[in-house]
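Reader: I'm new to this one. Can you walk me through a few spots?
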Amino acid sequence: MKGQKTETKVDSALIERLEQKAKAIRADIVKMIHKAGEGHPGGSLSAADIVTALYFHFMRIDPENPDWEDRDRFIMSKGHACPVWYSALTELGFYPRSALDTLRKLGSPFQGHPDMSISPGVDMSAGSLGHGLSIGVGMALMGKLDKRDYTVYVLLGDGELNEGQVWEAAMCAAKYHLDNLVAIVDYNRLQIDGPTDKVMPLDPLGDKWRAFNWRVFEIDGNDMTQVVEAIEAARKRRGLPSVIIANTLKGKGVSYMEGQVDWHGGKVIDDSLLEIALNDIQGGE
Amino acid sequence: MEKIPTRIAYGQALAELGEENDRVVVIDADISKITGTHFFARKFPERFFNVGIAEQNEMGIAAGMATTGKIVFASTYAVFASMRACEQVRTFIAHTRSNVKIAASHGGLTGTTDGVTHQGTEDMGIMRTIPDMTIIMPADAIATRKIVRELAEHQGPAYLRLTKIPMPIIYDEETDIQIGRAVQLRDGDDVTIIAIGDMVIRALEAADLLDNNGIRARVLDMHTLKPVDKGAVIKAAEQTGAIVTVEDHNILNGLGSAVAEVIVENRPVPMERIGLRDTFAESGEYEELLEKYGLNTRHITEAARKAMGRKL
Ligand SMILES: Cc1ncc(C[n+]2csc(CCOP(=O)(O)OP(=O)(O)O)c2C)c(N)n1
Ligand SMILES: [Mg+2]
C-alpha cells in the first residue's frame, strides 16, 4: 500500500468473512447479467471487494429504514456497474432474491442504471458518468451543517475521471475540508474504447488528487485486507477528504473476463459461460 | 426485413465520406464502438480523436476544429450531446454557426433497457429552441447514409439523431432524401400521419391497418424536424383535413409542436400528437416501452380516427 499510512491491523476472521461474501456477490452479479441477457459485468466484478467491504463491514445502514437520516451514504457514480450494488442490497435484505431475476426489465427496481426514485437503498441515481462526486460533496456539506456524523462514500470509474466535473467537485471538497467524504477510484485501467492509457491517460493519478489537497491511499483493490485497511484509515476525520485509488482487475474473478475490454458490457453470458464463471468464482482464492 | 441500427449506418457512411473528403474529421467520447465512429477511426486514425468520457470538452474541441475549415462530426449519446454539453453546443457551435455535425445515438426510447439516463427523450426539444440548429432523424440506414452525405455539404451546425436498436430498411437507394424536405411514403386524403425517425415504420404500419378499414392515410417522413417542411404540412392540412404526429420523444417541443405551430398559423385543422406524455420512461424492451408509453401502431390508428372524427 502506497500513500498515506494505515495504522490498523485487521483480524483475519473478518477478512475471511468478507472474502466469502464477495464471492457470493460476484456469483449474484454474473447470474443477474446472465438472466438479463445484458449488463455490465467487468466494472461490477472489479468493484466487488470494495462494495462488499463497505456494505458488510463499514457502512451504518438499516435495511428496515433505508432513509434513516444518520445512515452512511453510498453513491455509485459509475452507475453502469449497478449489478454489484443490487447484489449487495439484496444480500442485506433490501430486496427479495427474486428481484435479481428482473435486472433491466420493465417495472423492475433494478433499472439498467440506478434510480433512487423507485429503489430503496439507492442513495442517488446514476448512469451518466461524472456527477456522483459533486452530489457526494453536497451530502457531506449538509452532514457538517446538520452536525451528523455519517460518512459519504463515492465510487468512481477511472474512465469516469475524464469528466471535468469530477475535478470541480474534488477542488470543492478540499475547500470545505470534507473529511466525511471518501472517494474510491476503481482503477481497472479499462474504459469502453480501450485501456485508459490509450483513451485518456490518467497517471500519475495519486499526484493529481494530492495536488487537489486530498489524502490519498493507493492499494490493491481486489485484496480484501488492503481494502479494509484503506477504508478504515480513509474514514478517520483528518480535516481533508480522502481518496482510495483501488488498483483492480476488470472482470476480477471470472477467467475469461479478466482484463478484457469487451466484457465491459454489451456481451451475453450464456448458459455455458455462466457455468464457467460460477466455477471460477467458487474456485478463486 | 433487414434491420440496421442507424448509428452503425452513420459510422459506415462516415468511413466512406472520409475517403472522398479529407476535410472530414471525427471526434468521439469513449463510445466509438457504439456510435459507429470506429469504422472511420480504423481507416483514418489521424483524423479521428477520442477525447475520453468528456462530452463538454468534446463539443468545445469540435468548435475549435471547425474554425480551421474542417467538417467536424462529433458523436456521443443524445442525452449527453443535448444536455451535458448543451451550452457548449448552443453558444460555441450554434451561435458561432460552426460547421459541426453532432451525431447522437440512443435517440428516444431506443435507449431501451439502459433506462432513463440513456434515453434521449428531450433532446430534439432542447435542440429546437437553439437558433440555427438543423435537426434530423432518419428512419433507416439508407436514409442515414444519404443524410450524412448531405450534411457534409451543408453549412453550419446540425444535430443528427440516431437509434441504438436496429431499424427495418424502408427506403431503396433511388429514393431522393434531402434536408428540409419531407418524404411522402403513402398518399391518402382522409388523414395525414407525420412521423420522424424510428416512428416512421410505425406510421406505415398504422396506415396499412387503417387502409384495411377503408381509411386512406397519407404518411410523411418528416426526417428534418428543423427547419420543418412547412409546405408539406400545409398541403397535408388542406388536402386531408386532419393530422397525427408521431415521435419517439417527449410531447413537448418536438415534431408535434413544430407541426402544430405551422398549422395554427396557416391552416388550422384537427390534430393529435403521439409521443411521451411529458414523462420519463424506464428500463424495458423497446416494444414494451412503446406499448406502455402509448407510441405503438394501435395508438396511432386510434389517434387518426380521433383526429378524423374532429373534422368540422
Ligand atoms: C456522461 C457519460 N458519458 C458516456 C457514458 C457511456 N459509458 C458508460 S460506461 C463507460 C465507460 C466507463 O469506464 P470506467 O469509468 O472506467 O468504468 P469501469 O471500467 O469501472 O466499468 C462509458 C463511456 C456514460 N454512461 N455517461
Ligand atoms: Mg475503468
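Reader: What phi does Gly93(A) take, just after α4(A)?
Author: A positive one, about 95°. Bear in mind that this is a predicted model.

Reader: And α4(A) itself, how many of its residues are buried?
Author: Nine of the ten are buried, so helix α4 (residues 82–91) of chain A is largely enclosed by the rest of the structure. Among the buried ones are Cys82(A), Pro83(A), Trp85(A) and Thr90(A).

Reader: What do those buried residues pack against?
Author: Four elements of chain A: α1 (12–36), α2 (41–46), α3 (48–58) and β2 (73–76).

Reader: New topic. Which residues hold the magnesium ion (ligand 2) as protein donors?
Author: Asp158(A) through OD, Asn188(A) through OD1 and Leu190(A) through O. They lie 2.1 Å from the ion. Along the chain, the donors follow the spacing D-x29-N-x1-L.

Reader: Asn188(A) and Leu190(A): buried or exposed?
Author: Asn188(A) is buried. Leu190(A) is buried too.

Reader: Over to chain B. At what angle do α10(B) and α11(B) cross?
Author: At roughly 60°, with the axes coming within 10 Å. An angle of 65 to 115 degrees would count as roughly perpendicular. The two helices are therefore oblique to each other.

Reader: Is that crossing left-handed or right-handed?
Author: The crossing of α10(B) and α11(B) is right-handed.

Reader: Which residues meet there?
Author: From α10(B), Lys230(B), Val233(B), Ile234(B) and Ala237(B). From α11(B), Val259(B), Val262(B), Ile263(B) and Asn266(B). Six of the contact residues are nonpolar, one is polar and one is charged.

Notes. Residues are numbered from 1 along each chain as its sequence is written. Chains are lettered from A and ligands numbered from 1 in the order in which they are written. This is a predicted model: local features need pLDDT of at least 70, side-chain atom pairs count only at pLDDT 80 or more; totals for chains, interfaces and linings use all residues. Side-chain values use heavy atoms; hydrogens and water are left out. Axes are lines fitted to C-alpha atoms, for helices over the stretch in contact, and angles run from 0 to 180 degrees between N-to-C directions. Angles under 35 degrees count as roughly parallel, over 145 as roughly antiparallel, 65 to 115 as roughly perpendicular and the rest as oblique. A crossing is left-handed if the near helix is turned anticlockwise from the far one by less than a right angle, and right-handed if clockwise. Contact means heavy atoms within 4.5 Å. Ala, Val, Leu, Ile, Met, Phe, Trp, Tyr, Cys and Pro count as nonpolar, Asp, Glu, Lys and Arg as charged, and the others, Gly among them, as polar. Donors are N, O and S atoms within 2.8 Å of the metal (3.2 Å for Na, K and Ca); water is not among the atoms, so sites may look incomplete. Buried means under 20% relative accessible area, exposed over 50%, partly exposed in between (1.4 Å probe, protein chains only).
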